[in-house]
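Trainee: Could you walk me through this chain slowly, since I am new to reading structures?

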Amino acid sequence: MASNTHNSAPVSGVCAMCGRPITNEEARRSEYQIEKRPLCPSCNVQYANKKITSASELKNESVKVAVITLILLLSGVILYFAGLLYEEYGKTILGILLAYGAGLYALMNAPIDAGCIVETLGLLLAPLYALIAEFILWVKVSDCNDEIERAKKVIDSHVGEYNEAVASMVKVEAPAAENGSDTFSKKEVDYIVMYKDYLSDGEISEKERARLSKYAEALGISPERAAELEKQ
Ligand SMILES: [Zn+2]
């Protein structure tokens, strides 16, 4: 299959993801690398989309854990001091338990990969750990936002070439139209591109098949329609 036939720039290698030849200029412009090898413009866009999905998931999870930790910790601290103030020591004890609960919750849901000593300390100083986790989680959220911004920029700067590649792929490989099903929605084209990508090594593995099904579901494409699209 020809890649960008209009492009006569020297070819410097192949895309690390789909194996299509890429030019020096495309290699230079590749924001993402896989094992230090550049990607073609289309794969940059696909990779950026995957980055957005994974960073968004991580971000949502981090926000959830951070908010729950904060609520537990704050209610613990408030109860603790309220108990002291009104000499209702049941509340004080409950406050301590809540603060420790906050730390344990953070420890279980936001491990900081710092080794078992830190985590053991975390158990002893659970409320403190909750505070540290709070900080780490919000840094993580900010990192996710950066990752998403970066991916969006990649999509913006490569999307023209991506659409061009997809259009030529569908045009070249789509057989003569039957029942007017020769037009594809943007999502269907995305599915076809992903399928072709997986097929580029000759076959669809079980793992790839599972991912494709998941992807189709996410795009709102029925299994019947997906099978149809794969024949394109
Ligand atoms: Zn590629």
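Mentor: Let us begin with a pair of helices: the axes of α2 and α3 come within 7 Å and cross at roughly 160 degrees. Axes here are lines fitted to C-alpha atoms, for helices over the stretch in contact, and angles run from 0 to 180 degrees between N-to-C directions. Helices (H or I, at least four residues) and strands (E, at least two) are DSSP runs, numbered from the N terminus. Please keep in mind that this is a predicted model, in which local features need pLDDT of at least 70 and side-chain atom pairs count only at pLDDT 80 or more, while totals for chains, interfaces and linings use all residues. Residues are numbered from 1 along each chain as its sequence is written.

Trainee: OK, so how are α2 and α3 oriented to each other, parallel or antiparallel?

Mentor: α2 and α3 are roughly antiparallel to each other, where angles under 35 degrees count as roughly parallel, over 145 as roughly antiparallel, 65 to 115 as roughly perpendicular and the rest as oblique. In addition, α2 passes α3 in a left-handed crossing; a crossing is left-handed if the near helix is turned anticlockwise from the far one by less than a right angle, and right-handed if clockwise.

Trainee: And what classes of residue make up the contact of α2 with α3?

Mentor: That contact has 17 nonpolar, 9 polar and 1 charged residues. In this scheme Ala, Val, Leu, Ile, Met, Phe, Trp, Tyr, Cys and Pro count as nonpolar, Asp, Glu, Lys and Arg as charged, and the others, Gly among them, as polar.

Trainee: What sits in the loop between α2 and α3?

Mentor: One residue to look at in that loop is E87, whose phi is near 50 degrees, a positive value in a residue other than glycine. E87 is exposed, with 8 other C-beta atoms within 10 Å. A residue is buried if 20 or more other C-beta atoms lie within 10 Å of its own, exposed if 12 or fewer, and partly exposed in between, with C-beta atoms placed from the backbone.

Trainee: Where else is there a positive phi in a residue that is not a glycine?

Mentor: E35 has one as well, of about 50 degrees, and E35 is found in the loop between β3 (33-34) and β4 (37-38). With 5 C-beta neighbours inside 10 Å, E35 counts as exposed.

Trainee: Switching topic, which residues touch the most other members of the largest nonpolar core?

Mentor: In that core of 17 residues, they are A99, A102, A106, A130 and A133. A nonpolar core is a set of buried Ala, Val, Leu, Ile, Met, Phe, Trp, Tyr and Cys residues joined through C-beta atoms within 7 Å. At least two residues of this core come from each of α2 (41-85), α3 (89-109) and α5 (126-173), and α3 gives the most, with 6 residues.

Trainee: What is A99 in contact with?

Mentor: If we leave aside its neighbours within four places in sequence, A99 is in contact with L73, G76, V77, Y80, A126 and P127; two residues are in contact if their C-beta atoms, placed from the backbone, lie within 7 Å. There is also a second, separate core of 14 residues, which includes I22, C43, A48 and A151.

Trainee: Now the other end, how do α6 and α7 pack?

Mentor: Helix α6 (residues 186-199) and α7 pack at an angle of about 175 degrees, with their axes 10 Å apart, and α6 and α7 are therefore roughly antiparallel to each other. From α6 the contact uses K187, D190, Y191, M194, Y195 and Y198, and from α7 it uses E208, L212, Y215, A216 and L219. By class, these residues divide into 8 nonpolar, no polar and 3 charged.

Trainee: And what about α6 with α8?

Mentor: α6 and helix α8 (residues 223-230) pack at an angle of about 60 degrees, with their axes 10 Å apart, and that makes α6 oblique to α8. α6 passes α8 in a right-handed crossing, and the contact is made by E188, Y191, I192 and Y195 of α6 and A226, L229 and E230 of α8.

Trainee: Last one, how many helices and strands does the chain have?

Mentor: The chain has 8 helices and 4 strands, and from the N terminus on its elements run β-β-α-β-β-α-α-α-α-α-α-α. Buried residues make up 24% of the 232 residues in the chain.
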